Amino acid sequence: MIEAAKDVLRGNDMGDFTKPGPNQYPHQWNWDSALIALGLSFFDIPRALLEMRSLLNGQWLNGMLPHVVYHGHETDYFPNPGFWKIETSRYAPSIHTSGITQPPLLAIILRKIHETFNIPDFVREAFPQLMSWHRWLHDDRDADNSGLVCIVHPWESGTDDSPRWLEILGGIDPSGLEAFARGDTHYVDVDERPYPHDYQRFIYLIDLFRRSAYDQGTIIADSPFLVQDVLFNAILYRADKDLQALGDVIGEDTSVIEGWIRRMEAGFNRRFWDDDAGLYYDFDVRHQRKIQISTGITFLPLFAGLTSPEQAERLIHEHYQHPKHYAVDNQVKYHLTSASKDLQGWDPRRYWRGPVWILLNWLVYHGLLDYGYTREAAGLCADSLALMSKSGFREYYDPRDGTGCGSERFSWSAALAIDWLS
Ligand code: GLC
């Protein structure tokens, strides 16, 4: 299985970056690349470092690390650089990228790689760039001065069409948006991709941002999508801690990071924990309301170390193991469905509306281990490996029968299989 996984990574290798999927995702994606670097590190350290370096090459002058770096390749992928028009921003880099970011996994992965393979020179090289990305997040995206950061587009959450975003998207009026042609349904069945209604609003938001020349103050003031996302903040908290540890390795002053960590600790549970439901809910900053939708993201604070043992117990017993929500049973054979089974509109083959994603499983697996749920963690690892050996390294899987969905030969699934098996 490790050899098959390496073959996927090699097949998607473009020289200095790795495509998430051969046809569906032909450029470099931010958090995908972090995971790909982790997979590569087990058999080719120089190539793993190059993967991270190429991603960091797309960094904006204000520190933002974009969600896609195009590296000058012409493809049929939409939205393309001509659509993003990032050159309207004075902070745009000299190479083509998207104009939004993605969950900041890179510091977490770099620390993992460093602790296994001891790469202090690369840590020294990457630290200032990671620092400026995190600083940009804490400075430019803390919309209400709470210590929590906002995302301004569903794609920034990494869980593009999650049911968490539907109500906000439903309230957006996309009139005035010029016609465009989707590129994401050429290679993947349309029933496994976002609905046209939602896709139109994804593009509408990009159009809004480019019209404001990607000025963050204007975007925070105007974007109808302005959300404190549990996943993004949990990842950032853990990434800040790992960045602090990396800073200590190379003797950097990390007191600023300490401040970010303390503020996140003070605000996280107050904002996201719902004691009635025993769940974490995202917060819609624009409309000042909780987003009361249960998805697999509710387990991410376990990965971050941001939940108490009592809260963890409620998450596991009232949700992860509950027959109505996330438990495996006669209908659902594999953990972890990306949305609760009893959610209206639960769709086991459509993108983030229900299928199992290997990345989500891997993050929750580590959280379960950290909190002592070793049996559940072992089950989650076993389910993930079973899905990949049954249906190959796919983008996501139907939790009922393990059918592979979305892109074939999906890089992060392969990379995480290598990590698990190594
Ligand atoms: C999809 C996923 C996102 C991922 C990208 C490339 O857009 O939702 O998380 O980064 O594909 O794999």
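Mentor: A crossing is called left-handed if the near helix is turned anticlockwise from the far one by less than a right angle. Keep in mind that we're looking at a predicted model.

Trainee: Okay, which pair of helices here has a left-handed crossing?

Mentor: α1 and α16: α1 passes α16 with that hand. α1 covers residues 2-11 and α16 residues 411-421, with an angle of about 145° between them and axes 9 Å apart.

Trainee: What makes this a contact, and which residues of α1 and α16 make it?

Mentor: The cut-off is heavy atoms within 4.5 Å. From α1 you get Ile-2, Ala-5, Lys-6, Val-8 and Leu-9, and from α16 Ser-411, Ala-414, Ala-415, Ile-418 and Leu-421. By class that's eight nonpolar, one polar and one charged. Lys counts as charged and Ser as polar, so Lys-6 is the charged one and Ser-411 the polar one.

Trainee: On to the sheet. How do you know that β3 and β6 are paired?

Mentor: Pairing takes at least two bridges, and β3 and β6 (residues 282-284) are joined by two, so they qualify. They run antiparallel, and Gln-228 stands opposite Phe-283 in β6.

Trainee: Why are β3 and β7 called edge strands?

Mentor: The order in this open sheet is β3-β6-β7, with antiparallel pairing. β3 (227-228) and β7 (289-291) each pair on one side only, and that's what earns them the name.

Trainee: Now the holes. What makes a space a cavity, and how many of 30 Å³ or more are there?

Mentor: The probe has to fit but not be able to get out. Three cavities make the 30 Å³ mark. The largest has a volume of about 250 Å³, and the second largest has about 40 Å³.

Trainee: Which residues lie nearest the centre of the largest cavity?

Mentor: Tyr-25, Trp-29, Gln-102, Asp-160 and Tyr-351, out of 23 lining residues. The elements giving two or more residues to that lining are α2 (30-41) and α8 (196-211). As for character, there are 15 nonpolar, three polar and five charged residues.

Trainee: And how do you know that two residues lining the second largest cavity are charged?

Mentor: Go through the lining: Arg-164, Val-230, Tyr-280, Asp-282, Ile-293, Ser-294, Thr-295, Ile-297 and Thr-298. Arg and Asp belong to the charged class, so the two are Arg-164 and Asp-282. The rest of the split is four nonpolar and three polar. Tyr counts as nonpolar, so Tyr-280 goes with Val-230, Ile-293 and Ile-297.

Technical notes:
Residues numbered from 1 in each chain as written. Predicted model: local features only at pLDDT ≥ 70, side-chain atom pairs only at ≥ 80, totals over all residues. Heavy atoms only, no water. 1 Å grid on protein atoms, 1.4 Å probe; cavity = no way out; pocket = protein on both sides within 12 Å on 5 of 7 lines; lining within 4 Å. Points joined across faces, edges and corners; volume = space filled by probe spheres on them. Helix = DSSP H or I, 4+ residues; strand = E, 2+ residues; numbered from the N terminus. Axes fitted to C-alpha atoms, helices over the stretch in contact; angles between N-to-C directions.
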